[in-house]
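Trainee: Could you take me through the terms applied to this model, setting each value against its definition?

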Amino acid sequence: MIPKEIQEKIKFIIQENGLKLTNQRNAVLNAFFEKNYKHMNVEEVYNFSKAYCNEIGISTVYRSIIAFEKIGVLKKIETGEIYARYELTIPDKKLDHPHMVCKKCGRIIGAYDSEILEKLNAGRELIENKYDFKIDSESIVYYGICKECADS
Ligand SMILES: [Zn+2]
Ligand SMILES: [Zn+2]
């Protein structure tokens, strides 16, 4: 479960952007809060949302996700799968973390390790300086084989 103060911050951002927190939108949010920083496609979010609002439909879930993505609360992760996945963005965190996608089982692993993030930050600064380019977003995806698949 995502810490309460981060939940409150995210709800504040949503309302600040003029979106009402309806029961359905709350259910979608709760699915993301409950699953922590999991990377979910629309159907998975729908399945978890039902626990919070049993009359919610998949199209409402989809529309809520799109609305949240527009204001930067959710981020779409393009992994090359048919269905896009979404995850919560963490408020106050400058840029994103990289993802690893296993080509065998499809699992997505987020690299949140602070040492890695620091090195990526340094690399980003180097790019900005060398190319005189201001980076405002990024999407880093590594493809390969995860440990479980490599061991089996
Ligand atoms: Zn795997
Ligand atoms: Zn992630």
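Trainee: What makes up the covered face of strand 4 (residues 99–102), and what the uncovered one?

Mentor: In this predicted model, His99 and Val101 form the covered face of strand 4, whereas Met100 and Cys102 form the uncovered one. Burial is judged from C-beta atoms placed from the backbone: a residue with 20 or more others within 10 Å is buried, one with 12 or fewer is exposed, and one in between is partly exposed. Local features need pLDDT of at least 70 and side-chain atom pairs count only at pLDDT 80 or more, while totals for chains, interfaces and linings use all residues. Residues are numbered from 1 along each chain as its sequence is written, and chains are lettered from A and ligands numbered from 1 in the order in which they are written.

Trainee: How do you know that strand 4 and strand 5 (residues 108–110) pair, and in which sense?

Mentor: Strands are DSSP runs of E with at least two residues, and helices are runs of H or I with at least four, numbered from the N terminus. Two strands pair if DSSP finds at least two bridges between them. Strand 4 and strand 5 have three bridges, in the antiparallel sense, so the definition of pairing is met. Met100 has Ile109 as its bridge partner in strand 5. The hairpin of these two strands has five residues between them, and Gly106 there takes a positive phi near 80 degrees.

Trainee: What makes the pairing in the sheet with the order 5-4-6 mixed?

Mentor: Strand 4 pairs with strand 5 in the antiparallel sense, but with strand 6 (residues 141–144) in the parallel sense, over four bridges. On strand 6, Tyr143 is the bridge partner of Val101, and Tyr142 stands opposite Met100. This open sheet of three strands is therefore described as mixed in its pairing.

Trainee: Why are strand 1 (40–41) and strand 2 (74–77) placed at the edges of their sheet?

Mentor: That open sheet of three strands has the order 1-3-2, with antiparallel pairing. Strand 1 and strand 2 each have a single partner strand, so one side of each lacks a neighbour in the sheet. Strand 2 runs antiparallel to strand 3 (residues 85–88) and is joined to it by four bridges; Lys76 has Tyr86 as its bridge partner.

Trainee: Why are helix 3 and helix 4 called roughly perpendicular?

Mentor: The axes of helix 3 (residues 42–49) and helix 4 (residues 58–70) cross at roughly 115 degrees and come within 9 Å. Angles of 65 to 115 degrees count as roughly perpendicular, those under 35 as roughly parallel, those over 145 as roughly antiparallel, and the rest as oblique. The two helices are therefore roughly perpendicular to each other. Helix 3 contributes Val42, Val45, Tyr46 and Ser49 to the contact, and helix 4 contributes Ile58, Val61, Tyr62 and Ile65.

Trainee: How do helix 2 and helix 3 lie to each other?

Mentor: Helix 2 (residues 23–34) packs against helix 3 at an angle of about 100 degrees, with the axes 8 Å apart. That makes helix 2 roughly perpendicular to helix 3. Ala27, Val28, Ala31 and Glu34 of helix 2 make the contact with Val45, Phe48 and Ser49 of helix 3.

Definitions and conventions
Axes fitted to C-alpha atoms, helices over the stretch in contact; angles between N-to-C directions. Contact = placed C-beta atoms within 7 Å.
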